[in-house]
Amino acid sequence: MNKKNIVWGLIFIMAAILVVCGAFGILGNPVNLIITVLLIPIIISNVVHLAYPGIFFPLAIIAILYDDYLGIQALTPWPVLFIALFLSIGLSFLFPKYKHFYKHSREESFHEIINEADDSVINLSAKFGGSVKYVNTNQLQEVNIDCAFSGMKVYFDHADMAGEKASVNVRLSFSGLELYVPKNWNVVDNLGCTLSGVKHRGTASETTDKTLVLNGSVSFSGVTIIYV
């Protein structure tokens, strides 16, 4: 049996037990208990891989569910969500995992990685988790990224464009996004940001022959552009 299947099987069995306990009033609200059980493996997975939004937003949800037990009603719901957002952005800026020589070790251990031959148009999404994508195409035209309460890293260092320009269309909410782009690419930022930040790490070459255009909306999130 796959270890992942065993873990999830045990989690759902535990959820069934909690429903029974909640029905008899042994524990608290059974719905809250089930949600908590489902969030725990998400937190653990993201702690292992330091995907900060995947850690803090599930913790914020748990805090909201149990605010009366914890006595933190003054911090819920919006203050605790803002705390999760700012911690995710701050730690992503302070401790970014952008060293190129880590790629192979992450590739072996991080099961959400997508690493395969790609078409000219690539669609990526993440919800309440973390993922890494290595773009493998020499005909890149468009990348569509949809993230909510997640962390995502996208590597373009082994990609090439079909022409002189390609676009990345982004929709981020309560998430962290890292884009690793070649130094000979010029990045044009057309993102609409709401309580969010866009940061450049490193510098592009003085001479650039390709242009990557960033479009879309970023809400309560952080975007880091890293030149490699």
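This report walks through a predicted model, from its confidence to its sheets, cores and helices.

## How far to trust the model

Because this is a predicted model, local features are described at a pLDDT of at least 70 and side-chain atom pairs count only at 80 or more, while totals for chains, interfaces and linings use all residues. Residues are numbered from 1 along each chain as its sequence is written, and side-chain values use heavy atoms, with hydrogens and water left out.

The chain averages a pLDDT (the predictor's confidence in each residue, from 0 to 100) of 79, and 80% of the residues score at least 70. Confidence peaks in strand 5 (residues 165-173), at a mean of 93, and bottoms out in helix 6 (residues 103-109), at 35. Helices here are DSSP runs of H or I with at least four residues, and strands are runs of E with at least two, numbered from the N terminus. Residues 98-112 have a pLDDT below 50, and that stretch has 26 contacts in the model beyond near neighbours in sequence; contact means heavy atoms within 4.5 Å. Where pLDDT is low, the predicted coordinates should not be read in detail.

## The odd-numbered sheet

Strands 1, 3, 5, 9 and 7 line up in the order 1-3-5-9-7 as an open sheet with parallel pairing. Two strands pair if DSSP finds at least two bridges between them. At the edges sit strand 1 (121-127) and strand 7 (185-194), each pairing on one side only. The twist averages 10 degrees from one strand to the next, using lines fitted to C-alpha atoms (for helices, over the stretch in contact) and angles from 0 to 180 degrees between N-to-C directions.

Strand 1 and strand 3 are parallel and share seven bridges, with Asn 123 opposite Asn 144 in strand 3. Over at strand 7, the pairing with strand 9 (residues 210-219) is parallel too and takes in ten bridges; there, Asn 186 stands opposite Thr 211.

In a regular strand the side chains alternate between the two faces of the sheet. Strand 1 does just that: Ile 122, Leu 124 and Ala 126 point to one face and are buried, while Val 121, Asn 123, Ser 125 and Lys 127 point to the other and are not. Buried means under 20% relative accessible area, exposed means over 50%, and partly exposed is in between (1.4 Å probe, protein chains only).

## The even-numbered sheet

A further open sheet has five strands in the order 2-4-6-10-8, and its pairing is parallel. Strand 2 (130-134) and strand 8 (197-201) stand at the edges with a single partner strand each, so one side of each has no neighbour in the sheet. Neighbouring strands are turned by 10 degrees against each other on average, direction ignored. Strand 4 and strand 6 run parallel and are joined by five bridges, and Gly 151 stands opposite Gly 176 in strand 6.

## What fills the middle

The largest nonpolar core has 29 residues, and Ile 145, Val 154, Phe 156, Leu 177, Val 181 and Leu 212 touch the most other members. A nonpolar core is a set of buried Ala, Val, Leu, Ile, Met, Phe, Trp, Tyr and Cys residues joined through side-chain atoms within 4.5 Å. Elements giving two or more residues to this core include strand 1, strand 3 (142-148), strand 4 (151-155) and strand 6 (176-181). The largest share, four residues, comes from strand 5.

Leu 177 has contacts with residues including Ile 145, Met 152, Val 154, Val 170 and Leu 172, leaving aside residues up to four places away in sequence. Apart from the largest core lies another, of 14 residues, among them Phe 57, Ala 63, Ala 148 and Phe 149.

## Helices 3 and 5

Eleven of the 14 residues of helix 3 are buried, so it is largely enclosed by the rest of the structure. Among those buried residues are Tyr 52, Phe 56, Phe 57, Ile 62 and Leu 65.

Helix 5 (residues 78-94) has 17 residues and spans 24 Å from first C-alpha to last, close to the 24 Å expected at 1.5 Å a residue; that expected span is 1.5 Å times one less than the number of residues. Its buried residues include Val 80, Leu 81, Ala 84, Leu 85 and Ser 88, and their cover includes helix 3 (52-65) and strand 10 (222-227). In the loop between helix 4 (67-70) and helix 5 lies Pro 77, and the peptide bond from Thr 76 to Pro 77 is cis, with omega near -5 degrees.
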